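Biologist: I'm new to this one, so could you take me slowly through a single part of it? I'd like to hear about how the helices pack, and about the residues around that packing.

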Amino acid sequence: MKSAAHQKLVMSGDRDGLKELLRRRLVECGWRDQVKIICKDIIKENGQDVTYDSLLGSVTPKARSLVPDTVKKELLQKIKNQLLAQEEKLKT
């Protein structure tokens, strides 16, 4: 289901608009700044030993948990609306 919905959004060109909306909302709520601080703290703690993969592995769970529920709900609703609109276009 997830990959089929993803493919429909990519094929219709809606995916890029949704990515841009998500980026804007995350910047607006301060999420991006919070994630930067987390990255800097991890780099300070581990110094030269930090690799991209280890940084990504450490930051990802924290970053996901910091995404506000309002942003998640808004994006999910937009995805549903766009998929429903695509379904309606196919019916006509």
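Modeller: Here is a walk through two helix pairs, a few residues in and around them, and the cysteines. Before we start, this is a predicted model, where local features need pLDDT of at least 70 and side-chain atom pairs count only at pLDDT 80 or more, while totals for chains, interfaces and linings use all residues. Residues are numbered from 1 along each chain as its sequence is written, and side-chain values use heavy atoms, with hydrogens and water left out.

Let's take H3 and H4. Helix H3 covers residues 31–46 and helix H4 covers residues 52–66; helices here are DSSP runs of H or I, at least four residues, numbered from the N terminus. Their axes sit 10 Å apart and the packing angle is about 150°. Those axes are lines fitted to C-alpha atoms over the stretch in contact, and the angle, anywhere from 0 to 180 degrees, is taken between N-to-C directions. H3 and H4 are therefore roughly antiparallel, a label for angles over 145 degrees. Their crossing is right-handed, that is, the near helix is turned clockwise from the far one by less than a right angle.

Who touches whom? On the H3 side you'll find Trp31, Gln34, Val35, Ile38, Cys39, Ile42 and Ile43, and they meet Leu55, Ser58, Val59, Lys62, Ala63 and Leu66 of H4. Contact means heavy atoms within 4.5 Å. By type, the residues of this contact split into 10 nonpolar, two polar and one charged. Nonpolar covers Ala, Val, Leu, Ile, Met, Phe, Trp, Tyr, Cys and Pro, charged covers Asp, Glu, Lys and Arg, and the others, Gly among them, are polar.

Trp31 deserves a pause. This residue of H3 is buried, with a relative accessible area of 18%; buried means under 20%, exposed over 50%, and partly exposed in between, using a 1.4 Å probe and protein chains only. Setting aside neighbours within four places in sequence, Trp31 touches Leu26, Ala63, Leu66 and Val67. Pro68 is 37 residues from Trp31 in sequence, yet their C-alpha atoms are 8.3 Å apart.

Cys39 is another member of the H3 side. The structure holds zero disulfides, a disulfide being a pair of cysteine sulfur atoms within 2.5 Å. Why no bond for Cys39? Its closest cysteine sulfur, in Cys29, is 15 Å away, which is too far. Cys29 itself is partly exposed, at 38% relative accessibility.

Now the other pair. Helix H2 (residues 14–28) and helix H5 (residues 69–91) have axes that come within 11 Å and cross at roughly 165°. That makes H2 roughly antiparallel to H5, and the crossing is right-handed. H2 brings Asp14, Leu18, Leu21, Leu22, Arg25 and Leu26 to the contact, while H5 brings Val71, Glu74, Leu75, Lys78, Ile79, Gln82 and Gln86. The residues here divide into seven nonpolar, two polar and four charged.

Gln86 of H5 is buried at 15% relative accessibility. Beyond residues up to four places away in sequence, Gln86 touches Lys8, Leu9, Ser12 and Asp14. Arg15, a residue of H2, is partly exposed at 31%. The C-alpha atoms of Arg15 and Gln82 are 9.7 Å apart, although 67 residues separate the two in sequence. Finally, Lys80 of H5 is partly exposed, with a relative accessible area of 44%, and its C-alpha is 12 Å from that of Lys8, 72 residues away along the chain.

Definitions and conventions. Helix = DSSP H or I, 4+ residues; strand = E, 2+ residues; numbered from the N terminus. Parallel < 35°, antiparallel > 145°, perpendicular 65-115°, else oblique.
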